[in-house]
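Here are some worked exercises for you to try with the model open in your viewer. Have a go at each task before you read its solution.

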Amino acid sequence: MENYAISLNNVAKSFHHKQVIAPLSLTIPKGQLIGLLGPSGCGKTTLIKMVMGMLKPDNGEIQALGLQVPHRQLLIDIGYMAQADALYLDLTGEENLQFFAKLYKLSKQERAERVAYAAQLVRLTDDLHNKVGNYSGGMKRRLSLAISLLQNPPLLILDEPTVGIDPVLKKEIWSELVRLKNDEQKTILVTTHAMDEAEKCDQLIMLRDGHIIAKGTPQALKAHYEAQDFDEVFLKAGGEVL
Ligand SMILES: Nc1ncnc2c1ncn2[C@@H]1O[C@H](COP(=O)(O)OP(=O)(O)OP(=O)(O)O)[C@@H](O)[C@H]1O
């Protein structure tokens with residue numbers, strides 16, 4: 001199991017008797033960039049919240065980085081970017097970053113280095129002294145992404161990290177995600193609706209109504225379903241629950 005960054009064994013979740021995640025098993029190897037794809041409401045956020053230990057599965061077991069979920073250590077070892085920004089609006093960008101960096105017990109010098117790196121990565125350096133309440137939606141997303149990278153975690157779980165971010169910065173963020181995987185062996189699980197982002201992943205997992213309907217490399221999925229793009233893969237894989 002320890003070769004896997006994440007493993008789910010027979011994990012299921014319902015809300016009010018409605019099954020949102022069907023019993024599913026899945027392994028995510030270390031050092032890969034994995035895309036979780038599927039229409040709104042298919043269960044992506046529910047799945048990753050269970051991996052984070054924020055939601056308890058009804059059935060099954062989850063391990064992350066060799067630890068049984070939930071585990072305190074995973075709050076440090078997983079950099080998590082939620083879909084809804086959890087930021088302090090009355091504080092500046094810098095104060096938000098410093099606050100989270102302190103939670104991770106980084107030394108003063110590490111804090112300064114990591115805050116500078118993360119702010120620069122998302123191009124917020126010049127806005128760090130402004131209150132987050134005055135940031136645009138895209139700036140808040142960028143700050144949330146910076147926070148998820150602060151403690152330099154081996155595993156990143158990012159829920160739609162580039163929604164509301166302009167195409168140029170989106171490209172830069174994706175280059176950095178690929179670099180983090182290639183040069184620093186990070187494992188990155190990212191949910192996305194964007195087909196150009198799916199192309200950059202090592203593996204894709206397609207989810208529909210809580211079932212995995214297709215998984216594989218972007219190239220293999222397109223070849224298998226004789227599809228031009230991932231929308232077509234999704235449609236053609238639609239009837240075929242794995
Ligand atoms: N706490 C909850 N209580 C009740 N229902 C919930 C809860 N959380 C999620 N759901 C329901 O579970 C289903 C899956 O939601 P989820 O947020 O996992 O979807 P998603 O694939 O992440 O969608 P999106 O792409 O829009 O973020 C939805 O029907 C949602 O309404």
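**Exercise 1. Polar contacts of the ligand**

Which atom of the ligand does a polar side-chain atom of H193 lie 3.3 Å from?

Solution. Start with the ground rules: this is a predicted model, in which local features need pLDDT of at least 70 and side-chain atom pairs count only at pLDDT 80 or more, while totals for chains, interfaces and linings use all residues. Residues are numbered from 1 along each chain as its sequence is written, and side-chain values use heavy atoms, with hydrogens and water left out.

Step 1. The partner of H193 is an oxygen atom of the ligand, with the polar side-chain atom 3.3 Å away. This is a polar contact (a pair of N or O atoms within 3.5 Å; within protein, one must be able to donate a hydrogen and the other to accept it, and residues adjacent in sequence count only if both atoms are side-chain atoms).

Step 2. Add Q83, where an N or O atom in the side chain is 3.0 Å from an oxygen atom of the ligand. With C42 the backbone takes part: one of its polar backbone atoms is 3.1 Å from a ligand oxygen.

Step 3. Now look at burial. The ligand taken alone exposes 640 Å², and the protein buries 64% of that (accessible areas by the Shrake-Rupley method with a 1.4 Å probe; for residues, only the protein chains shown count as cover).

**Exercise 2. The shell around the ligand**

Describe the residues around the ligand by distance, by class and by element.

Solution. Step 1. There are 15 residues around the ligand, and S40, G41, K44, T45 and T46 come nearest; a residue is near if one of its heavy atoms lies within 4 Å.

Step 2. Sort the shell by class: four residues are nonpolar, eight polar and three charged. Here Ala, Val, Leu, Ile, Met, Phe, Trp, Tyr, Cys and Pro count as nonpolar, Asp, Glu, Lys and Arg as charged, and the others, Gly among them, as polar.

Step 3. Sort it by element. α1 gives the largest share, three residues. Helices (H or I, at least four residues) and strands (E, at least two) are DSSP runs, numbered from the N terminus.

**Exercise 3. The four-stranded sheet**

Work out the strand order of the open sheet of four strands and find its edges.

Solution. Step 1. The order is β2-β1-β4-β5, and the pairing is antiparallel; two strands pair if DSSP finds at least two bridges between them.

Step 2. At the edges are β2 and β5 (67–68), each pairing on one side only.

Step 3. Follow S7 to both sides: its bridge partner in β2 is T27, and in β4 it is Q63. Eight bridges join β1 to β2, while β1 (residues 4–15) and β4 (residues 59–64) share five.

Step 4. Check the turns. H16 takes a positive phi near 50° in the hairpin of β1 and β2, with two residues between the strands. The hairpin of β4 and β5 also has two residues between its strands, and L65 in that turn has a positive phi of about 50°.

Step 5. Look within β1 itself, where N10 lies. The phi of N10 is near 60°, a positive value in a residue other than glycine.

Step 6. Past β5, the loop leading to α2 (72–77) holds P70. The peptide bond from V69 to P70 is cis, with omega near 0°.

**Exercise 4. The six-stranded sheet**

Why is one side of β6 and of β10 left without a neighbour in the sheet?

Solution. Step 1. Write down the order of this open sheet, β6-β7-β8-β3-β9-β10, with mixed pairing.

Step 2. β6 (78–81) and β10 (211–216) stand at the edges with a single partner strand each, so one side of each has no neighbour in the sheet.

Step 3. Direction ignored, neighbouring strands of the sheet are turned by 15° against each other on average. Angles are between axes, lines fitted to C-alpha atoms (for helices over the stretch in contact), and run from 0 to 180 degrees between N-to-C directions.

Step 4. Inspect one pair: β7 (residues 155–159) and β8 (residues 187–192) run parallel, joined by five bridges. Within β8, T187 is the bridge partner of L155.
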